Amino acid sequence: MASQESLPLRRLKEFQPLNRLTDDQLVVLASRAERRTHGPGQRVLERGVRDGLDYFLVTGKVELESVDGRKNVVEAETEKALNPIARLQPRMYDVTAVTSCEFLVIEQDVLNQLLRAAPVAQVEMASGESSDSEESEEHHLLMEFYAELRSNQLQLPSVPDVAWKVRRMVDKEDSTADQVATAVSADPAIAAKLVRACNSPLYRGFSDVRNVRESVIRLGMRTTRQLVTVFSMREVFKSRQPSLQKEMERLWRHSREVAALCWVLADHATRLNPEEALLAGLLHDIGVVPVLVQAEHHVNLFADDANLQNAISELRADVGTAVLESWSFPTAFVDAVRYAEDWTYESREAEPQLVDVVIVAQLHAMIGSNQSEGLPPFDQVPAYRRLGELELNASRSLELLTEARARVEEVQQLLSIR
């Protein structure tokens, strides 16, 4: 059911990115928007549809279901409902009303046009001192960049061939070590890394392995699959622009550090596979990569690092989710990317999940860095409490990581194998 009644401006300003618009623009937007209501159990959006609309949840509660059956509930007036529901197109979720719901529905083209025209003062540019004309041009370019990403004009990276083939092969129950070894050997660089990894302190046996087949047998299919993906990820973190390549390198170093901490935390605090935790940590910021790649086409805009960081902060979770879903990664990895920087996130599962390990690893990585300001106390982070086998507190946590520093360094060395 549709209604033309307008929402108060103060309510519109609670949504993102509507909070960038002026009052006059919001009046225009409200006149072009539509109010729709759905009863409990009614389908709101269908997966795979490309309709060019943004749905903002005004009241009620909806359930999002992905292609693999994973479900997520979003309730109006909570942090999850600040942005449009299932915004990426084609839609990646079936959306169903859990209770009676009301939506504000806006054409994406209309919203993007208004955003491009929004005054600079409404956007937190943090760009320092510059002239009005410079700011206006900068703001216009930033809005164009956001519009490209919102309309799915960015190119998602492809999972490297060898990682894709090995993951598919290991998933087949009748695959043999010889077959997996042959698939790995198709990429000599990855094959060499796997053998060196197998002979590293983390996996070394009584004697060194001499070839890929022996490595697969010692490591096992599952660990081989995760390590091949880990080693192949290095090629994804690349840019053709020197300035953006520096950002890629910084991103890779941070991802390696979080990955190493994930390995140690999973090994000490959970029953999770440490290699899976390692991979989840390495991928937790994968959504930043397409943003940086797209930024190659906007060199003048991203000469100001503040603009780049704003774009990364706003887009990393949605784009990262899209990347892993396009790569057909399991739900646990997708959740780890989606909520990696959501300190308030609490999984519904009884046992610790990859997302818990990634969140806690991120907290540890940020302690003592220039990112530590504003971090919540450890005991207020649900993921931290969920690693209950350790009975963690701040001092015990740092003590654990000090004890495990040698192991963290070993994992870092593993990720640095060339």
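E77 is placed in the loop between strand 6 (71-75) and strand 7 (94-97). In this predicted model, the phi angle of E77 is positive, at about 65°, although E77 is not a glycine. The residue is exposed, because its relative accessible area of 63% lies above the 50% cut-off. A further backbone feature occurs between Q16 and P17, which are joined by a cis peptide bond with an omega of about 5°. P17 belongs to the loop between helix 1 (9-12) and helix 2 (23-32).

The protein chain as a whole contains 18 helices and 8 strands. It has 418 residues, of which 53% are buried. The accessible surface amounts to about 19500 Å², and carbon and sulfur atoms account for 46% of that area. When contacts between residues at least 6 apart in sequence are considered, 71% of them join residues at least 24 apart.

In soluble globular proteins, nonpolar side chains tend to be buried together. The largest nonpolar core in the present model comprises 93 residues. Within this core, the residues that touch the most other members are V184, L194, L278, I286, L324 and W327. Helix 10, spanning residues 242-269, makes the greatest contribution to the core, with 14 residues. A second core, separate from this one, is made up of 18 residues, including V44, Y55, A81 and A86.

The surroundings of L194 were examined with neighbours within four places in sequence left aside. On that basis, L194 is in contact with V184, V212, S215, V216, L219, T224, L227, V228 and F231. One of these partners, V212, is found in helix 8, which covers residues 212-219. V212 is buried, since its relative accessible area is 10% and the cut-off for burial is 20%. Residues up to four places away in sequence not being counted, V212 touches A181, V184, S185, A191, L194 and V195. V184 thus appears among the contacts of L194 and also among those of V212. The C-alpha atom of V212 is separated by 9.1 Å from that of V180, a residue 32 positions away along the chain.

S232 lies in helix 9, residues 221-233. With a relative accessible area of 3%, S232 is buried. Beyond its neighbours within four places in sequence, S232 is in contact with P160, V162, A163 and I190.

The second largest pocket encloses about 440 Å³ of space. Its lining consists of 20 residues, and those closest to the centre of the pocket are K71, D335, Y345, S347 and R348. Two or more lining residues are supplied by strand 6 and by helix 14 (331-338). Helix 14 contributes the most to the lining, with 4 residues. By residue class, the lining divides into 9 charged, 6 polar and 5 nonpolar residues. Strand 6, which takes part in this lining, is also the strand that precedes the loop holding E77.

How values were computed. Residues numbered from 1 in each chain as written. Predicted model: local features only at pLDDT ≥ 70, side-chain atom pairs only at ≥ 80, totals over all residues. Heavy atoms only, no water. Core = buried A, V, L, I, M, F, W, Y, C linked by side-chain atoms within 4.5 Å. Buried < 20%, exposed > 50% of the residue type's maximum accessible area, 1.4 Å probe, protein only. Contact = heavy atoms within 4.5 Å. Areas by Shrake-Rupley, 256 points an atom, 1.4 Å probe, with all protein chains shown as cover. 1 Å grid on protein atoms, 1.4 Å probe; cavity = no way out; pocket = protein on both sides within 12 Å on 5 of 7 lines; lining within 4 Å. Points joined across faces, edges and corners; volume = space filled by probe spheres on them. Nonpolar A, V, L, I, M, F, W, Y, C, P; charged D, E, K, R; others polar.
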